[in-house]
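Q: Please take a close look at one small part of this chain. Then place it against the chain as a whole.

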Amino acid sequence: MSHRLSRLAALVLAGGALVAVTAALLTPAVGSVLGAHEAEPIGDIDLDALAQRSQVLDVHGNLITYLYREENRQVIRLDEVPLVLVDSVLQVEDEQFWQHKGVNVRSIGRAFLTNVEAGDVRQGGSTITQQLVKNALLDPEQSLGRKIKEAVLALRLEERMTKEEILERYLNTVYLGNGTYGVQAAAELYFGVDARELNRAQAAFLAGLIRNPVGYDPFTKPEESLERRNLVVDVLEERESITEDEAEAIRSTPIPETPFELVPKPRDYFLQEVVGELLDDPRLGETQSERYTALFRGGLTIKTTFDPERQWQATAAVSDVLPDTGGKFTAAVVAVEPGTGAVRAMIGGPGFEDAKYNIVTDGVGRQPGSSFKPIVLAAALEKGISPKSTINGAAPCKLPNKGGTPDPWEVDNYEGSRGGVMDLAAATQKSMNCAYARLALVTGLSRVSRMAEQLGITTPMPEVPSMALGSLEVRPIDMAAAYATFANDGVYAKPYIVDEVRDREGKVLVRHEPETRRAVSVQTARTVNEILTGVITKGTGTRARFSDGRPAAGKTGTTSNYADAWFVGYTRQLSTAVWMGSPTGTEDKMTNVGGIRVTGGSYPARIWQAFMGPAMSGLEELGFPEPEDEAEKGEYLHIEGEPDKPARPRPKPTTTVPAEPTDDRGNDPNDGGTTGGTDGGGEEDRGKPPKPDEQTTTDTGQTAESG
């Protein structure tokens, strides 16, 4: 009883305000008030100035997600709104909408009497035009002065806009709870359908929310929400908008219990990159605030390079191959299209909800280990050194520490491999540290540093000898793009993720312009391809081989004490970098993960193959073009590397220097990058953990401190 009295008292107070407005509008003085608009001009109410969500599309033009903050709104035309929804809204909110001129004086008093008699708010005194004015131009203050101003502005608005325009803007402006503005967003949230598909029962529910979307929230106040929906049904039945049978059918229809999510919210690494890139793009506004408003309130259409099938394949590969380490170790994957730089898939590390830091693109990067050696190789080839040059890969070796301490730079091969004299192809495929340390010094560290920059490495590359073995940090996205350059006959294409951005009117604001340059000669690129193909067929990366024999090239990398492991590889169509390590830094060593010491040829190579196999399935098998005959190309050297044994010319051989013996899988038992086959197979198959006191060196031959 007390509840009904309280509600009746509230109705009387609200009705008193309505009556006061009615009296004000009926007095002679109202003429001068209503005519004040001539002296106080006001602009049109423009829905386009209101927040509208932006949509993000994939490479095929399909919706990925919406971007918005607080106001989830998608504009819909009046002719797209179902008549059942239009009728329900007008019957409940403004029955005389098509007849009045913005203010319905009679309805104010009638609404007061009807509501008092019913003991509930069944009719509102404000017209739809007044509500639109209030929502668009006025503050929420409840006062007689504001109500009069609302009425004045409503009358003005009716002179400047058609009824259809007013109704359309109202249906796109009205708040319907849970962050939804307008009928389109509400239809999606409450029923999981497009507004065009709403039926009579759904329309009645949405019409009932308008009066108090918080108080009638079906998710938090289901009883009040159901009661309100049924009151709307009563009104529709009384006014013969629906039959008695239709009314009963609606009353028996349950109200929504949980919200629908038609598309995922932006909570993964790729979308994080899209948002970050556009917030830094001056084409969306001069200031950060302007760009934020454009992105989250501007109704933009953003087309990206994202390929959902490739993303799913990358996610599945990591999930299937990566062992459960309790979050201690993780993997990052990025796939870049050679020739264009389009990023097709990206996994930035552990689950985005747990760690929003993107290892692929953020921070200082991670040490690449021997996956950096192809950059040294490219620099040597560009200098004119023939790939058939022989080099001393014997270890351990002591080399001049240029730019460092007076003490010599001591290098060892992976697991103390004896090495020996071999050509550059064998040194690469076997990942010989001493061979590459010597090669970098003969090539020139400045050349190596410039080559890294030419191939798109964006992290600092100071000229230190250990850079040859991957001691300087790089980002996975840069490595994928560098290797894509080799696949693209030596032309580098800067990675990108946003193809185009249009505003709500369809005007192009951003359009990707390719950033390409020739980084190395065609001959160098094709020679690198030929050598790196051997890494997969007979070197440290045999676990990356395609089951169908499709041509592929790549390189493993493992850093000091197994802190980071890489496999970067490519076909003509796609270049992919896989990194594995601790997401928090290099303190945790992967010396016993799934029973093995993790190297680039173990889990990273397997993840690469598990992703690239399905990704290439169905695509044309494209081989790498062969380099020109080397018989007359390049300077043939025998490279020792020690100060007293400089590189010296040697006669051009008719055959290459034979490599050391290999096992039945093409892996060198004493390979400088396999430690008995861990990169290319062996310990991982046996599941043998390392001995607790075992000394572990890697294909960098360095400690983390020394590079």
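A: A187 counts as buried because its relative accessibility is 0%. The classes are set with a 1.4 Å probe on protein chains only: buried is under 20% relative accessible area, exposed is over 50%, and partly exposed is in between. The model is predicted, so local features need pLDDT of at least 70 and side-chain atom pairs pLDDT 80 or more, while totals for chains, interfaces and linings use all residues. Residues are numbered from 1 along each chain as its sequence is written, and side-chain values use heavy atoms, without hydrogens or water.

A187 sits in helix α8, residues 183-191. Helices are DSSP runs of H or I with at least four residues; strands are runs of E with at least two; both are numbered from the N terminus. Beyond its neighbours within four places in sequence, A187 contacts G192, V193, D194, A195, L198 and L206. Contact here means heavy atoms within 4.5 Å. L206 lies 19 residues from A187 along the chain, and their C-alpha atoms are 8.1 Å apart.

F191 leads to another segment. The C-alpha atoms of F191 and E261 are 9.6 Å apart, with their positions 70 residues apart along the chain. E261 belongs to the loop between α11 (244-251) and α12. With a relative accessible area of 45%, E261 is partly exposed.

R196 leads to a further loop. Its side chain makes a polar contact of 2.8 Å with the side chain of E80. A polar contact is a pair of N or O atoms within 3.5 Å; within protein, one must be able to donate a hydrogen and the other to accept it, and residues adjacent in sequence count only if both atoms are side-chain atoms. The E80 side chain also reaches the backbone nitrogen of R77, at 2.9 Å. E80 is placed in the loop between β3 (72-73) and α3 (83-93). E80 counts as buried, at 18% relative accessibility.

Now the whole chain. The protein chain has 22 helices and 20 strands. Of its 707 residues, 55% are buried. Among contacts with a separation of 6 or more, 72% join residues 24 or more positions apart. The chain exposes about 29700 Å², and carbon and sulfur atoms supply 50% of that area. Accessible areas come from the Shrake-Rupley method with a 1.4 Å probe; for residues, only the protein chains shown count as cover.
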